[in-house]
Amino acid sequence: MAISLTLESTAYTLDQLTARPEAQIALAGRSNVGKSSLVNTLAGRKKLAKVSSTPGKTRSVNFYLVEPLHFYLVDLPGYGYARASHSEREKWAKLLERYLTECASLKALALLLDCRLPPQQLDLNLASFAQVHGLPLVPILTKADKCNQRERAAKQKEWQNIVGICPVLTSSSSRLGIDRLWNELAKAVGVAMPSAESAQ
């Protein structure tokens with residue numbers, strides 16, 4: 001049985017964010033880190049998550065149901081893009097902070113990091129926030145196809161030194177690391193993966 005993603009609902013309030021009892025993994029990253037592309041690659045579909053030409057435009061939280069593993073990938077708005085107003089960014093920051101600390105169903109934070117860039121302060125802040133609050137991290141290096149093997153290894157080591165966990169290297173265009181990422185996500189929610197044949 002293949003793994004599938006279905007956009008089941010969109011949330012805008014804390015009550016909507018915390019209402020579901022099923023296990024959840026939050027997906028977070030900077031606005032141009034390639035989060036929508038990664039969701040589409042995980043889903044094996046090109047247009048499940050909209051890839052916006054305007055980074056940071058999305059201001060909602062999308063719940064993707066993962067079957068047959070029966071947990072949610074919760075796609076949080078991208079951060080670090082200045083076009084949103086200060087008050088809007090503040091409002092969303094407070095809402096998402098409460099979700100990350102108060103949602104009993106949240107099992108991990110999947111933190112997307114651009115493999116081409118040095119560690120960014122906003123990424124470091126979110127990683128530290130998760131660790132302070134005891135929220136397990138699944139670090140993910142995106143756009144790894146744009147780096148050579150030496151650069152990838154150096155970036156993995158750099159982030160492992162920072163967060164204590166070796167990031168998963170991924171590429172949405174080449175599907176590099178997607179199977180390993182599914183294994184890490186399943187492990188984070190404590191479920192078993194389907195057979196190797198069905199996970200392709």
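Select Ala 26 and Leu 109 to begin: in this predicted model, Leu 109 of strand 5 is the bridge partner of Ala 26. Advance one pair along the ladder, and Leu 27 has Ala 110 of strand 5 as its bridge partner. Now extend the selection to residues 24-29 and residues 106-114, which are strand 2 and strand 5; these two strands pair in the parallel sense over six bridges.

Keep Ala 110 highlighted and turn to the other neighbour of strand 5. Ala 110 stands opposite Val 138, a residue of strand 6. Strand 5 and strand 6 are likewise paired in the parallel sense, over six bridges. Colouring strand 5 by accessibility shows a mostly covered element, with eight of its nine residues buried.

Next, display the whole sheet. It is open and consists of seven strands in the order 1-3-4-2-5-6-7, with mixed pairing. Its edges are strand 1 (4-11) and strand 7 (168-169), each of which pairs on one side only.

The helices that pack on this sheet may be added one at a time. Select residues 35-43 for helix 2, which touches strand 1, strand 2, strand 3 (61-67), strand 4 (71-75), strand 5 and strand 6 (137-142). The direction of helix 2 makes about 140° with that of strand 2. Then select residues 149-163 for helix 5, which packs on the sheet through contacts with strand 5, strand 6 and strand 7. Here the angle between the direction of helix 5 and that of strand 6 is about 155°.

Within helix 5, centre the view on Lys 155. Is this residue buried or exposed? Lys 155 has a relative accessibility of 12%, and therefore counts as buried, the cut-off being under 20%. Show the side chain of Lys 155 together with the backbone of Leu 117: a polar atom of that side chain lies 3.0 Å from the backbone oxygen of Leu 117. Leaving aside residues up to four places away in sequence, Lys 155 touches Cys 115, Leu 117, Pro 118, Pro 119 and Leu 141.

The final stop is a cavity. How many cavities of 30 Å³ or more does the structure hold? The structure holds one, and the volume of the largest cavity is about 30 Å³. To outline the largest cavity, select its lining residues: Leu 113, Asp 114, Leu 117, Pro 118, Pro 119, Gln 120, Asp 123 and Trp 159. Leu 117, Pro 118 and Pro 119 belong to this lining and are also among the residues that Lys 155 touches.

Notes. Residues numbered from 1 in each chain as written. Predicted model: local features only at pLDDT ≥ 70, side-chain atom pairs only at ≥ 80, totals over all residues. Heavy atoms only, no water. Pairing = 2+ DSSP bridges. Helix = DSSP H or I, 4+ residues; strand = E, 2+ residues; numbered from the N terminus. Contact = heavy atoms within 4.5 Å. Axes fitted to C-alpha atoms, helices over the stretch in contact; angles between N-to-C directions. Buried < 20%, exposed > 50% of the residue type's maximum accessible area, 1.4 Å probe, protein only. Polar contact = N/O pair within 3.5 Å; in protein donor to acceptor, adjacent residues only side chain to side chain. 1 Å grid on protein atoms, 1.4 Å probe; cavity = no way out; pocket = protein on both sides within 12 Å on 5 of 7 lines; lining within 4 Å. Points joined across faces, edges and corners; volume = space filled by probe spheres on them.
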